[in-house]
Amino acid sequence: MTIAAGQATPEQRRATRDRMARWSRPMLGLALPVGLAVVWEIIVRLGFSDGRLVPPPSRIYQEFAELAQSGELLRHVIATLLRVTVGFGLGTVAGTLLGAIAGYSALVRRVIDPSLQGLRAVPSIAWIPLFILWLGIFETSKVALIAVGVFFPIYLGVVGAVLSVDRKIVEVGRAFRLSGAAMVRRILLPAVLPAYVVSIRAGLGLGWMFVIAAEFMGASEGLGYLLIDGQQLGKPAEIVAAILAFAVLGKITDAIVVLASAPFLRWEDKFRPASEN
Amino acid sequence: MLSLERVGKTYPNGVHALDAITLGVVPGEIVVVIGGSGCGKSTLLRAISGLDTPTQGSVLLDGTKITTPHEQIGIIFQEPRLLPWLTVAGNVGFGIEDRPKHERAERVAHALDRVGLSEKANMWPRELSGGQAQRVAIARALVPRPQVLLLDEPFSALDAFTRVDLQDHLLNLWAEFKPTLIMVTHDVEEAIALADRIVVMRPHPGRIADEIEIDLPRPRDRQSAAFDFAKRRVLTALDRSLDRAVGVEHAEQKAAQGAAMWW
């Protein structure tokens with residue numbers, strides 16, 4: 001052991017290790033995709049493959065840059081983002097309200113839950129023909145489909161969360177004579193929040209899934225349109241570029257939900273694997 | 001003055017848990033209810049708290065019938081039941097949310113100081129030990145300054161050292177405002193360390209078997225002969241409550257063996 005290392009206190013060493021870990025851990029996750037991309041790039045450059053059906057990273061980047069420069073990418077991203085936002089908003093509001101009411105009132109639950117569970121068993125894509133007949137081929141039917149996809153996980157999450165609130169904690173609220181509204185605000189809302197955030201994230205994920213299905217059913221713009229366009233014109237680079245855009249947008253919106261909810265969930269007594277500390 | 005008049009409870013499934021309990025408790029008195037499992041101790045406490053309502057008779061606090069939780073009656077459960085999303089200070093102040101902010105902060109700080117947890121004020125409940133969490137629960141129940149404080153086996157989940165420590169904390173806190181304490185336990189030593197009066201219950205259905213006055217001066221020396229004598233009296237009464245045909249000698253033997261934990 002060198003003298004310098006011997007002089008460092010355990011705390012200092014741990015701090016150094018933590019600082020390195022902050023950067024090295026995400027790097028570890030990047031190693032696989034980046035490695036594969038580099039290997040594929042080399043294979044195409046060396047001429048072992050023409051990269052026509054599986055474009056190398058450089059060609060995808062080129063396509064991406066072209067789409068971005070021409071403003072095409074932004075136009076498609078905005079169209080898709082708008083649909084997801086509106087559909088997700090509607091689905092979240094409906095799922096939260098119905099879930100909260102059904103969780104709180106046994107009567108309402110007995111009336112609406114069986115029907116909703118039945119509807120949930122229908123694969124949401126199956127609604128597309130009906131929605132097109134009812135709502136036309138433009139935005140309304142697309143937004144409705146996304147809202148339906150988002151609604152179910154959130155409804156189920158909220159009902160489940162409300163029903164699993166600890167009776168003992170509710171009793172504390174009763175012992176302090178909380179009124180109905182105060183009980184909701186001070187006991188039930190904080191108690192369901194962790195499960196609610198999980199269901200929001202699940203709903204958001206489904207929202208991104210359904211926006212593609214919605215855009216496949218006939219759109220003139222949007223990332224889903226870009227996918228179809230790439231397929232019909234035989235441009236795999238454009239398809240991959242659109243997929244990458246989806247991945248980035250999905251990750252960003254999910255991170256927004258996580259970051260926005262984090263300050264309210266610091267109290268959680270979660271399992272934290274030893275190596276994460 | 002808290003009075004129970006022929007309080008009985010029969011659950012919807014037909015279980016007759018309590019039968020005609022009549023008890024008067026004067027302000028500031030410490031009553032410990034002791035008895036075997038299933039003799040209705042907790043049912044009795046829940047009836048007094050207003051969390052459950054008795055099916056016969058009534059609970060009266062200063063002449064008012066208790067049917068729902070009352071602001072003058074606080075309760076401490078077997079588990080701390082802290083709200084995990086509130087800090088320690090937030091939990092302690094839970095019952096006085098309606099008071100002005102500075103008064104709330106002052107009373108919370110004072111209560112935390114009294115239970116020796118001032119430096120934990122901003123911690124989350126998950127960061128506390130079992131004993132600390134129960135101290136926070138005691139502070140939470142006492143901060144609204146209830147006239148009556150009910151305790152449902154509050155220290156039964158703790159180890160022996162922590163338990164004695166918390167009993168001292170409780171007496172210390174009680175001395176400040178002298179609320180009426182009604183505590184349920186199955187620990188004979190705990191009962192004698194705390195009680196002015198011990199109510200021994202018998203099961204099927206739950207009713208009062210015996211009442212034993214403990215007039216030892218406080219603080220009580222757990223090693224003293226008088227403490228031991230009281231212990232023997234309580235153990236004998238408990239045996240009698242279960243219709244066990246045993247003499248005092250037997251109970252003496254049990255006490256001598258250190259059978260202070262009576263289940």
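**View 1. B:E153, a partly exposed residue in this predicted model.** B:E153 has 19 C-beta neighbours inside 10 Å; a residue needs 20 or more to be called buried, so B:E153 counts as partly exposed. Look at the backbone here too: phi of B:E153 is near 45°, a positive value even though the residue is something other than glycine. As for where we are in the chain, B:E153 sits in the loop between β7 and α5 (160-177) of chain B.

**View 2. B:R145, another non-glycine with positive phi.** This time phi is about 50°. B:R145 belongs to the loop that runs between α4 (130-142) and β7 (148-152) of chain B. Is B:R145 buried or exposed? Neither, quite: 15 other C-beta atoms lie within 10 Å of B:R145, and because that falls between the limits of 12 and 20, the residue is partly exposed.

**View 3. The cis peptide bond at B:P205.** Going from B:H204 to B:P205, the peptide bond is cis, and its omega is near -15°. To find the spot, follow chain B out of β9 (197-202) and stop before β10 (207-213): B:P205 is in the loop between those strands.

**View 4. A cis bond at B:P219 as well.** Here the partners are B:R218 and B:P219, with omega at about -5°. B:P219 is part of the loop between β10 and α7 (225-241) of chain B.

**View 5. A four-stranded open sheet in chain B.** Reading across the sheet, the strands come in the order β2-β1-β4-β5, and the pairing is antiparallel. At the edges are β2 (16-25) and β5 (64-65) of chain B, each with pairing on one side only. Zoom in on β1 (residues 2-10) and β2 of chain B: the two run antiparallel, joined by 6 bridges. A handy landmark is B:L2, which stands opposite B:V25 in β2 of chain B.

**View 6. Helix α1 across the sheet strands.** Helix α1 of chain B covers residues 41-49 and lies across β1, β2 and β4 (56-61) of that chain. Against β2 of chain B, the helix runs at about 60°.

**View 7. The start of chain A, where confidence drops.** Chain A as a whole averages a pLDDT of 86, and 95% of its residues score at least 70. Residues 1-5 of chain A, though, have a pLDDT below 50, and beyond near neighbours in sequence this stretch makes 1 contact in the model. Where pLDDT is low, the predicted coordinates should not be read in detail.

Methods. Residues are numbered from 1 along each chain as its sequence is written. Chains are lettered from A and ligands numbered from 1 in the order in which they are written. This is a predicted model: local features need pLDDT of at least 70, side-chain atom pairs count only at pLDDT 80 or more; totals for chains, interfaces and linings use all residues. Two strands pair if DSSP finds at least two bridges between them. Two residues are in contact if their C-beta atoms, placed from the backbone, lie within 7 Å. Axes are lines fitted to C-alpha atoms, for helices over the stretch in contact, and angles run from 0 to 180 degrees between N-to-C directions. pLDDT is the predictor's confidence in each residue, from 0 to 100.
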